[in-house]
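Please open the structure in your viewer and follow the selections in the order given below. Each stop names what to select and then describes what is found there.

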Amino acid sequence: MDVSRPATYDLSDYLSALRRSWWVAVLAAALGFAGATAFTLTQHKLYESSASVLVQPTGVTDTNVTGGRTKGDINLDTEAQLVKSTAVATDAGKLMRSAKTAPQLAHRVSVAVPPNTSVLVITYSEHSPRAAQAGAHAFAEAYLANRNESAKADLTGQTGTLDRKIKQVNADLASLPTSMDRAQPEVESRRSNLSNQLNTLTSRLNQLATTTVNGGKIISDADLPHQAIKPSVPLNLGSGALAGLVVGIGIALGRERFDRRVRRGVDLPRRADVPLLAELAAIDDRYDPGTESGRAFARLRNEIACGEHRLIVVTGAAPGSAATLVAANLAGAFAHAGNNVSLLTQHAQDATGQLQVESVRRTLDKLRARAEYVIIEAPSTATSADAQSLASLCDAAIMAVEARRCTHAQVVDAADQLRRVDTALLGGVLTPRLRAAVARPAQPEPVEPQPQLT
């Protein structure tokens, strides 16, 4: 069970995670680019062609187009919908000699109305340039033909209505009495009104008879397109790479967020409440003051020397040789500074949980009397309780943590074991991941630790 603390992250942590896992983001972006390429290659090309139609009043009912899109007797938005009507699509299909149904053809048409104009821009899309051109032209022609036919039908209807009214007026005139009687003024007034009405109706009929129906014209015919609008290669490839990059970044941050292994020094205080003493990029099995790790152990020696800690146990949070190397380098730093130091080792393979505490206590008392500092390498807290037993006899403890192998839960458990015996935990030293653990003898009998003077 993972009992480590939940981590808190800031911008620098996320940037560090991306630096460590940059290859994940790059690989995901490459995969996204490859997927977009494959998708693009499988798509059919789509071409568009447009024809512009000037909508004019037919002279029958729509006497003007003043006012733009929707004002006046012609509503251009309504006309745009008529372009996609079943009747127009059916006529366009006949002109194109297409086997597609009217809804299928209408689905490929889009109509735009430029602002402050009386123009419809009819656009047709198809998988070949010539089919797109033919479709746009056919829909423009079919729309104008449908508009003119509707106007002619309306004109015929109005003419028939006027003709019937004229006949009715003539019949009324014929029914008026011609004899002179007392009612003559009323008859003459009725006759005059009917005559005026007849003249108006006749004038309107003559006007309709001379009306020429012209609902509009094509002012810009469809051109042959030379470039497909779909698939858009730059858009598809860019979108694929970007989507892959976003997914890769998410994976990289997710690995960082849910990774249970210690990867960086800041994980110790954040996830386990263990102070970070040093974060080493490399570590040698012998102390070298000229190396980066040597200088780090020299600083650690100075910090310990400023306190009252003389017996120090070094234990690993997980099985491995990290504690061995940390103890050896720390003892080397004390010796290089001229201190009288003893180094004791309690190998991990010897960790049986049956450490002879009293015997070790007597040995440590002897060493305390003759050495300024005693460094004890203890087995890992993850393998036995001997580290806890040794820590109870010492002044302070240092935890060796091997990066990318030790988990947060192991660090928390090690810290709890040491603190429960009232041993001061100075902090942890983070080492890089080591290639292999130091070889140990195979299951020897428990022995009393022997001092090794450096």
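Throughout this tour, contact means heavy atoms within 4.5 Å. The model is a predicted one.

**The whole chain**

Begin with the complete chain, which has 454 residues, 41% of them buried. Its secondary structure comprises 14 helices and eleven strands. Of the contacts with a separation of 6 or more, 81% are between residues 24 or more positions apart.

**A loop residue, Thr 423**

Select Thr 423, in the loop that runs between helix 14 (408-420) and strand 10 (424-431). Is Thr 423 buried or exposed? With a relative accessible area of 5%, Thr 423 is buried. Now display its surroundings: apart from neighbours within four places in sequence, Thr 423 is in contact with Ala 391, Ser 392, Cys 394, Asp 395, Ala 396, Ala 397 and Leu 418.

**Leu 268 in helix 9**

Move next to helix 9 (residues 267-272) and select Leu 268 within it. This residue, too, is buried, and its relative accessible area is 1%. Residues up to four places away in sequence aside, Leu 268 touches Val 262, Asp 273, Val 274, Leu 276, Val 401, Val 411 and Gly 428. Add Val 412 to the selection: Leu 268 and Val 412 are 144 residues apart along the chain, and their C-alpha atoms are separated by 8.8 Å.

**The four-stranded sheet**

Select strands 1 to 4, which form an open antiparallel sheet in the order 2-3-1-4. Which strands stand at the edges? They are strand 2 (109-112) and strand 4 (216-220); each has a single partner strand, so one side of each lacks a neighbour in the sheet. From one strand to the next, the twist averages 30 degrees.

Restrict the view to strand 2 and strand 3 (residues 119-126), an antiparallel pair joined by four bridges. One position to label is Ala 112, whose bridge partner in strand 3 is Val 121.

Then add the helices that pack on the sheet. Helix 3 (residues 76-83) touches strand 1 (47-55), strand 2 and strand 3, and its direction makes about 25 degrees with that of strand 3. Helix 6 (residues 129-174) touches strand 1, strand 2, strand 3 and strand 4, and its direction makes about 20 degrees with that of strand 1.

**Helix 4 against helix 6**

Keep helix 6 in view and add helix 4 (residues 86-96); the two axes come within 8 Å and cross at roughly 130 degrees. These two helices are therefore oblique to each other, and the crossing is right-handed. On the helix 4 side, the residues to select include Ala 87, Asp 91 and Leu 95, while those of helix 6 include Ala 138, Glu 141 and Tyr 143. The residues of this contact comprise eleven nonpolar, two polar and two charged.

**Helix 2 against helix 8**

Finish with helix 2 (residues 22-42) and helix 8 (residues 233-258), whose axes lie 7 Å apart at an angle of about 150 degrees. That angle makes helix 2 roughly antiparallel to helix 8. Their crossing is right-handed. Among the residues that meet here are Ala 28, Gly 32 and Phe 33 in helix 2, and Gly 240, Gly 244 and Gly 248 in helix 8. By class, the residues of this contact are 14 nonpolar, seven polar and one charged.

Notes:
Residues are numbered from 1 along each chain as its sequence is written. This is a predicted model: local features need pLDDT of at least 70, side-chain atom pairs count only at pLDDT 80 or more; totals for chains, interfaces and linings use all residues. Side-chain values use heavy atoms; hydrogens and water are left out. Axes are lines fitted to C-alpha atoms, for helices over the stretch in contact, and angles run from 0 to 180 degrees between N-to-C directions. Angles under 35 degrees count as roughly parallel, over 145 as roughly antiparallel, 65 to 115 as roughly perpendicular and the rest as oblique. A crossing is left-handed if the near helix is turned anticlockwise from the far one by less than a right angle, and right-handed if clockwise. Ala, Val, Leu, Ile, Met, Phe, Trp, Tyr, Cys and Pro count as nonpolar, Asp, Glu, Lys and Arg as charged, and the others, Gly among them, as polar. Two strands pair if DSSP finds at least two bridges between them. Buried means under 20% relative accessible area, exposed over 50%, partly exposed in between (1.4 Å probe, protein chains only).
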